[in-house]
Amino acid sequence: MQHINDIYINGQFVQPHGTETMELINPTDKTVIAVVRLADEEDARHAIAAAKAAYKTFSRSSKEARTGYLQRLHDAVQRRAPELIEAMIREYGGTRRMCTATVARSAASFLQSIELLQTFDFVRQAGSARVTMEPLGVVGLITPWNANYGFICSKLATTLVAGSTAVIKPSELSAMQTQLLTQCLHEAGLPPGVFNVVTGRGDTVGAEITRHPDIAKISFTGSTAVGKQIARGAVDTMKRVTLELGGKSPNVLLDDADLATAVPQAVMAASFNNGQACLAGTRLIVPEHRLDEVKQLVRQAVAAMKVGNPGDEDTVVGPLVTQKQYERVQGYIRLGIEEGAELLVGGEGHPEGLEQGYFVKPTVFVNVRNDMRIAREEIFGPVLSILTYRTEEEAVEIANDTVYGLHGYVSGRDLERANRVASQIVAGRIFINGLYDEPRAPFGGFKQSGIGREFGPYGLEAYVEPKAIIGYDVPVHENASR
Ligand code: NAD
């Protein structure tokens, strides 16, 4: 069994001041795989002080220097990709396919940031003013367990492009992955204090980051409930916040959709990352007169999806991350039945032969009304609700009748019509006729799915602050005569 007894402050792996320990459990077979010693508030304060000290020099570093750091970070993550993939499968239960893609995307985020550093307008003109886009100071990066590598790398990359320094607070449930990733980041040889990693609980380390006056901004990815807490806490010191929160994303099948393609995609949109995805398309909105066809295709698509050992190449759905997640999802499946929805496939309990881990049956409900809790609340497991509509207007109305607005999906042969429907869905991102990956596009939500955007220039805008200098080009003698 592994013991994780260090955190990363000021360029060094150090023992935390915190003494609380926590067991990490492999979700595939419920064995204890590691014990982690967690950081506490004092560790967070040390990390913040190190990042503050490093900021003085780092904020003035050249583009060339930052480009070099970002390239080295990419190379270091890429070099240890196989180990990172194995740790993610073991600790999180992500499927091999998904973990492989995640690690590649995490490394690539540093390269995309180099491109951003070269192309972003850090100096602009506004009338007679010169406007410079300034770094903010120390940024607190708080990340969830369902996308540990991805969000640590992309948030850190953006922080560095901006010229800020970071205190990273990953989920305590990802301590093993974090330790390995931190070793990679360390190997890149950045100046001490530029990034620090304090793995601890949200109500200790996360809360300290939220209230500390030397944190200028928080970039948070996680649940809407915690996002609200952070926003409330951050306002006392007027921190900037980027909040990437939950979702209950609609997937609209138009009546001319190629169902043979769109339905398996819809099932995948609800179950990728083992259903633990913020952008999961969990409300499938289908034309009433095509419901029978959809039901048939859903049954086939779910049957074709291998649920099982996440380490196998062909597994599509692995276990949920913890016992708590398992119970939460079971609770929602029970609730769906109690609310009167019809169980099309799946249901309570483990899939046969997978009782040893936190596996759930991919579950699909039909005859769901949009006012049922299974249609309104983020379940965070492979559970899909199918709702029907009669007119395009009704489809859009159902799609938008949610407190969330992170993502949306539309399928239809007539592209003009699909685009028209997409334009009416209130969400930060929409996929038309497929599942895509576009890391340069802004990512984030409308309504209670968050505040702000990440990725590309839209993301970077939230990590810098405009400063206007007026009179910068006025000779002194002219100035005096004004
Ligand atoms: P969570 O909100 O429970 O935790 C997220 C992070 O916040 C963790 O590091 C946690 O320790 C920390 N935290 C908890 N309480 C805190 C507090 N009081 N102060 C400061 N930090 C605190 O979320 P989770 O369960 O780890 O992740 C699942 C959630 O994340 C889902 O709701 C999912 O939709 C969301 N998510 C959103 C996106 C997105 O980009 N929109 C991406 C991935 C996940």
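Which helices and strand each supply at least two residues of the shell around the ligand? I put this to a predicted model. The elements I noted are helix 7 (202-211), strand 11 (215-221) and helix 8 (224-234). Helix 7 gives the largest share, four residues.

**Entry: the shell**

I looked up which residues surround the ligand and found 29 of them. Thr143, Lys169, Ser223, Leu245 and Glu378 come nearest. I sorted the shell by residue type: 14 are nonpolar, 11 polar and four charged. I then checked the domain assignment. Domain 1 (2-245 + 445-468) and domain 2 (250-432) each contribute at least three residues to the shell.

**Entry: polar contacts of the ligand**

I went through the pairs of polar atoms next. The side chain of glutamate 378 places a polar atom 2.6 Å from an oxygen atom of the ligand. For lysine 169, I read 2.7 Å between an N or O atom of the side chain and a ligand oxygen. At glycine 202 the partner is a polar backbone atom, 3.4 Å from a nitrogen atom of the ligand. I also looked up the cover: the ligand taken alone exposes 840 Å², and the protein buries 89% of that.

**Entry: the whole chain**

I counted 16 helices and 21 strands in the chain. Of its 482 residues, 59% are buried. Along the principal axes, the C-alpha atoms fill a box of roughly 80 × 60 × 40 Å. I compared the radius of gyration with the value for a compact globule: a globule of 482 residues would have one near 23 Å, and the chain has 23 Å, so the two agree.

How values were computed
Residues are numbered from 1 along each chain as its sequence is written. This is a predicted model: local features need pLDDT of at least 70, side-chain atom pairs count only at pLDDT 80 or more; totals for chains, interfaces and linings use all residues. Side-chain values use heavy atoms; hydrogens and water are left out. A residue is near a molecule or strand if one of its heavy atoms lies within 4 Å of it. A polar contact is a pair of N or O atoms within 3.5 Å; within protein, one must be able to donate a hydrogen and the other to accept it, and residues adjacent in sequence count only if both atoms are side-chain atoms. Accessible areas come from the Shrake-Rupley method with a 1.4 Å probe; for residues, only the protein chains shown count as cover. Ala, Val, Leu, Ile, Met, Phe, Trp, Tyr, Cys and Pro count as nonpolar, Asp, Glu, Lys and Arg as charged, and the others, Gly among them, as polar. Domain bounds come from an automatic or database domain assignment. The radius of gyration is taken over C-alpha atoms; the globule rule is 2.2 Å times the number of residues to the power 0.38. Buried means under 20% relative accessible area, exposed over 50%, partly exposed in between (1.4 Å probe, protein chains only).
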